[in-house]
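Student: I want to learn how to read the side-chain contacts in a model like this one. Can we go feature by feature?

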Amino acid sequence: MRRLVARAAAGDAGEATAPAANSSDCAQGWSPSPWRLIDLCAVWDAGVSLPSAVWNRASYGVGRRRLNEAEKLSSVREAQLERLAAARPRGPGSREPGPRPTMAGQPPPWLRAAFLLWLLGLGRAIEIPMDLSQPPTITRQSVKDHIVDPRDNILIECEAKGNPAPSFHWTRNSRFFNIAKDPRVSMRRRSGTLVIDFRSGGRPEEYEGEYQCFARNKFGTALSNRIRLQVSKSPLWPKENLDPVVVQEGAPLTLQCNPPPGLPSPVIFWMSSSMEPITQDKRVSQGHNGDLYFSNVMLQDMQTDYSCNARFHFTHTIQQKNPFTLKVLTNHPYNDSSLRNPPDMYSARGVAERTPSFMYPQGTASSQMVLRGMDLLLECIASGVPTPDIAWYKKGGDLPSDKAKFENFNKALRITNVSEEDSGEYFCLASNKMGSIRHTISVRVKAAPYWLDEPKNLILAPGEDGRLVCRANGNPKPTVQWMVNGEPLQSAPPNPNREVAGDTIIFRDTQISSRAVYQCNTSNEHGYLLANAFVSVLDVPPRMLSPRNQLIRVILYNRTRLDCPFFGSPIPTLRWFKNGQGSNLDGGNYHVYENGSLEIKMIRKEDQGIYTCVATNILGKAENQVRLEVKDPTRIYRMPEDQVVKRGTTVQLECRVKHDPSLKLSVSWLKDDEPLHIGNRMKKEDDSLTIFGVAERDQGSYTCLASTELDRDVAKAQLTVLGRPDRPRDLELTDLAERSVRLTWIPGDDNNSPITDYVVQFEEDQFQPGVWHDHSKFPGSVNSAILQLSPYVNYQFRVIAVNEVGSSHPSLPSERYRTSGAPPESNPTDVKGEGTRKNNMEITWTPMNATSAFGPNLRYIVKWRRRETRETWNNVTVWGSRYVVGQTPVYVPYEIRVQAENDFGKGPEPDTVIGYSGEDLPSAPRRFRVRQPNLETINLEWDHPEHPNGIMTGYTLKYVAFNGTKLGKQIVENFSPNQTKFTVQRADPVSRYRFTLGARTQVGLGEAVTEESPAPPNEAYTNNQADIATQGWFIGLMCAIALLVLILLIVCFIKRSRGGKYPVREKKDVPLGPEDPKEEDGSFDYSDEDNKPLQGSQTSLDGTIKQQESDDSLVDYGEGGEGQFNEDGSFIGQYTVKKDKEETEGNESSEATSPVNAIYSLA
């Protein structure tokens, strides 16, 4: 097993992009409030974390400008070389390295470039926020050598920013370009980009020249590079008639291409006239100049013709030169066998051997000049018989292994990104068995200007000092020219605060009037560099430019950077604090860069926390916070292992990954370093890859790639596919016994994988004919075994060989062997009793197989009885595997027994199993109570149903609010079978609720009970009542009232019992009305209810009520027998009293003095 570690992730497309990098290599960002997540890419194990999307435009621009200027004037030529290399056919002898896996200690070039850009970004200049006034800055422009397609409109880009927004104008060939006078030329809105439209005609060649863009606002003018516009050309091949090329076999030959000069240069390749590619090798190959070189010509070379083809980039056309025809002269007839045996090819053909000589370059020495930063391509093509081998050396040193690579079958040496130390003498050595020859190439490295110190925007507060520095190097040494707002500094108005000292401009005591854009132009014979840098004078308190509360996630032990972009003038000082306390973070594991970024060299768990950056100047301060989360690395802790497997088997490649649970894990697989297509025979799981039915094409290397948003881990294993064992043969049964037999077989070929086991299988023809069952397993070292047998089975055996790869095909079956019968020695298993309806119980079991039947006519004795009653057993004989008992009570336990029996006897006494008859719907829950303790809640309580009729599965409560005739939405609640309480939160204090509660079993919902909540009392009254009811005076008053009511009830009872007839007549003789009730004696009869007999009255036989006469009358309370009024005048009028009783009963009138009679008088 081999493990490749690649903790890498590609940056954004404009920064540093890995070939074939996918989005899973980098951190993905989202914005969970209040913390905002930003991208962070982990690099190699040494621990560098590259920011991706968080690189602001300033750092990106600095890095890109540095790379662009390092590649100056090389883009066109380099593109030609790349296209030529891509189109050139590669023979089997080519030693060009292919893609190599990235190792932990050796990061790829693109990653190193990204890291350099990251470091460059740490020292970037602070940018002015766009809401503040500022001079123009060029943000986008076309390349210096701008080649366009003549079939399309011409686009020359120029974009700039500034406040106020800048205006644009152009010069062409150093003269003002009046766009308004040319109808074909227009400028995009809010942009300086030129568009030249040829849809209405015109020749693009007329617009070739050198263009420069000027972006201007009231604070200054910025300039673009001088853009050289050229129109692509793809001229036709000149017509020519080529005579056949006659050459002697073994002689060298050069077929010249001489393509027409195109712009850019075309890509050259050789084919036959029938468009078949020319096979190239170290004998026949194409040179860098496009010519086709034969180190020696063989007779076979005239089997085809040779045509040079030129592919032009913009037109995407291929022009073909008239083909060359070879005529090879030979002294020997054609011999096909000699051509197939290269070592003897020349001697067999009678070709004289000769020492090497150089076809290109000529002679023994040459020189070559290359510009710094470009690729150096050295080429040596030699002739000779046999074909010479080429080797490369550098005089006085070794070839740069990290930059040098061999091409074109070692005939070319390419050194990428040339620097001054690559200059010197190189020599190629061409050798064969006849001798060797050397060619020396003297390499001189020149350099177009490149930046040592590029001028940066200068932001000053009023009265501050500053300087602009423009330092560049090159070979020859470049000159420096300063300009201000696009004009030479010498012709600009004098500024007493400004001093020019060579490559530096010094500003002292700057004022608002010092604002301008300065240009530094440095040039030599190989190119130029132009940089804009403005001087802005501002008075601004500190402000933070990044979103607040950023969230950064980083892998443990990696290096990371916390950005805190800020602005202020004077330029603020920035300090970092952790978790809002402690001293300034700088030193040790921390490093603060010039731009304020905080670098943590190696992340530890304790580094997790909240980091605060504080920017301060004389005008104030501003701060921002960044939260750092430390995540565990992604590790494959169980890696796929190398496996040797047999064809047709199933293989599982494990890839178990440990990762931070807060990160999303993605696991993918590669086969031979290419993405694996998961077909029907493959199953990809989180921790493994399974291949079913492995075939020869599945052989290869398998790579598990486990990645999260922040990092990844890689592990690789090799899968080797072998065949399965051949099946055993010649099975033989010996040593036949009543319960055993010996089986012998001859092993088959193990196919290079030792047989580990033999599996013996059997088949019987009574219960499951044709179905094979495993009988036993034996070690792979034996080929004979004693098999234990069951009674009354007609056996047939076969054997399967097993090795580490898989199983063989089964052997041919043996002859049959039948054993004698016996009573069963076991009973069926998995006996159950369950109701399928409410009035039955179904008894089931797993039937016994052929090896446990032990005899013919296997059957089952089923017994059952109710568990509580201890009644006698019911029994029945069954030949199947189920029996239904009918007419059972609902959900009653039963004792069940199932016993096996065959014609030889019964099996052992079976175990007793408890089963239950069918369930039914439960009865209603008991004592359903609805209580309302307050206006907010309603408490429900209930008891379990009296008759559950099965296993309770829960309760269902349905309730609905109503207010008069208005009904609310019905709500359904389901409860567990153990819950008997529930609280309802009232939606409002006015509505009432209707509750319906039912119990559930597996059959369904049973009888329900319905209750309603009580009507809610008036809230004010209820609150007042609650307050008064707790007062002592209120309790006493209520007791007094209750006592008084009790006395009144007693009085009423006595009065009703005695009947109250009082004859009264006023003193004046007033006749009674006809409707007034009266007695014959003129008295009135008082009673509590009309036509209702009172207690103590008697009813006559005719149904009338006969009242008892009253024991007293009002006359009993008078002072005289004549009924005079009291002296106090409380009685008005005169009463006539008619007594119906004798004076002997007058002693009862004394009751008027008792309290009861006093109450009567009050009544």
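Tutor: Yes. Keep in mind that this is a predicted model. Begin with one residue. I156 touches S142, H146, W170, G192, T193, L194, Y211, I227 and L229, leaving aside residues up to four places away in sequence.

Student: What is the general idea behind such a cluster?

Tutor: In soluble globular proteins, nonpolar side chains tend to be buried together. Now the case here. The largest nonpolar core has 30 residues. I154, I156, W170, L194, Y207 and Y211 touch the most other members.

Student: Which strands each supply at least two residues of this core?

Tutor: Strand 7 (154–156), strand 8 (158–163) and strand 9 (167–172) do. So do strand 12 (194–196), strand 13 (209–217) and strand 15 (227–231). There is also a second, separate core of 22 residues, which includes M544, I552, L598 and I600.

Student: Next, disulfides. How many does a search of the whole structure find?

Tutor: The search finds 6. Number the bonded cysteines in sequence order, and the pairing reads 1-2, 3-4, 5-6, 7-8, 9-10, 11-12.

Student: How do I read a single one?

Tutor: Check the S to S distance, the torsion, the place in the chain and the burial. Try C380 and C428, joined with S to S at 1.9 Å. The angle about their S-S bond is -75°, and the link is left-handed. The two cysteines connect distant parts of the chain, 48 residues apart. C380 is in the loop between strand 26 (376–379) and strand 27 (381–385), while C428 is in strand 31 (residues 424–432). C380 and C428 are buried.

Student: Is the disulfide of C564 and C613 right-handed or left-handed, and why?

Tutor: The torsion about the S-S bond of C564 and C613 is about 70°, so this disulfide is right-handed. C564 sits in the loop between strand 44 (560–562) and strand 45 (566–569). C613 belongs to strand 49 (residues 609–617), and the two are 49 residues apart. The S to S distance for C564 and C613 is 2.0 Å.

Student: Why does C564 count as buried?

Tutor: Buried means under 20% relative accessible area. C564 has 2%, so C564 is buried. C613 has 1%, so C613 is buried as well.

Student: What about C655 and C704?

Tutor: A disulfide joins them, S to S 1.8 Å. The torsion is about -75°, so the link of C655 and C704 is left-handed. C655 lies in the loop between strand 53 (651–654) and strand 54 (656–658), and C704 lies in strand 59 (residues 700–707), so the pair ties together parts 49 residues apart in sequence. C655 and C704 are both buried. For contrast in burial, take C1052: its relative accessibility is 39%, so C1052 counts as partly exposed.

Student: Now the charged side chains. What is the principle?

Tutor: Side chains of opposite charge can pair when their charged atoms come close. A search of the whole structure finds 51 salt bridges. One of them pairs K321 with E240, with the closest N and O atoms 3.4 Å apart. K321 is in the loop between strand 22 (317–320) and strand 23 (326–329), and E240 is in the loop between strand 15 and strand 16 (245–248), so the bridge ties together parts 81 residues apart in sequence.

Student: Are K321 and E240 buried or partly exposed?

Tutor: K321 has 6% relative accessibility, so K321 counts as buried. E240 has 29%, so E240 is partly exposed.

Student: Where do E599 and R559 lie?

Tutor: E599 lies in strand 48 (residues 598–600), and R559 in the loop between strand 43 (550–555) and strand 44. Their closest N and O atoms are 3.4 Å apart, in a salt bridge. E599 is at 4% relative accessibility and so counts as buried. R559 is at 24% and so counts as partly exposed.

Student: What is the N to O distance for R865 and E895?

Tutor: It is 2.8 Å in their salt bridge. R865 lies in strand 70 (residues 859–866) and E895 in strand 73 (residues 893–902), so the pair ties together parts 30 residues apart in sequence. R865 has 12% relative accessibility, so R865 counts as buried. E895 has 9%, so E895 counts as buried too.

Student: Which residues do shared partners join into one network?

Tutor: R927, R929, R931, E941 and D943, through salt bridges that share partners.

Terms used: Residues are numbered from 1 along each chain as its sequence is written. This is a predicted model: local features need pLDDT of at least 70, side-chain atom pairs count only at pLDDT 80 or more; totals for chains, interfaces and linings use all residues. Side-chain values use heavy atoms; hydrogens and water are left out. A nonpolar core is a set of buried Ala, Val, Leu, Ile, Met, Phe, Trp, Tyr and Cys residues joined through side-chain atoms within 4.5 Å. Buried means under 20% relative accessible area, exposed over 50%, partly exposed in between (1.4 Å probe, protein chains only). Helices (H or I, at least four residues) and strands (E, at least two) are DSSP runs, numbered from the N terminus. Contact means heavy atoms within 4.5 Å. A disulfide is a pair of cysteine sulfur atoms within 2.5 Å. A salt bridge is a side-chain nitrogen of Lys or Arg within 4 Å of a carboxyl oxygen of Asp or Glu.
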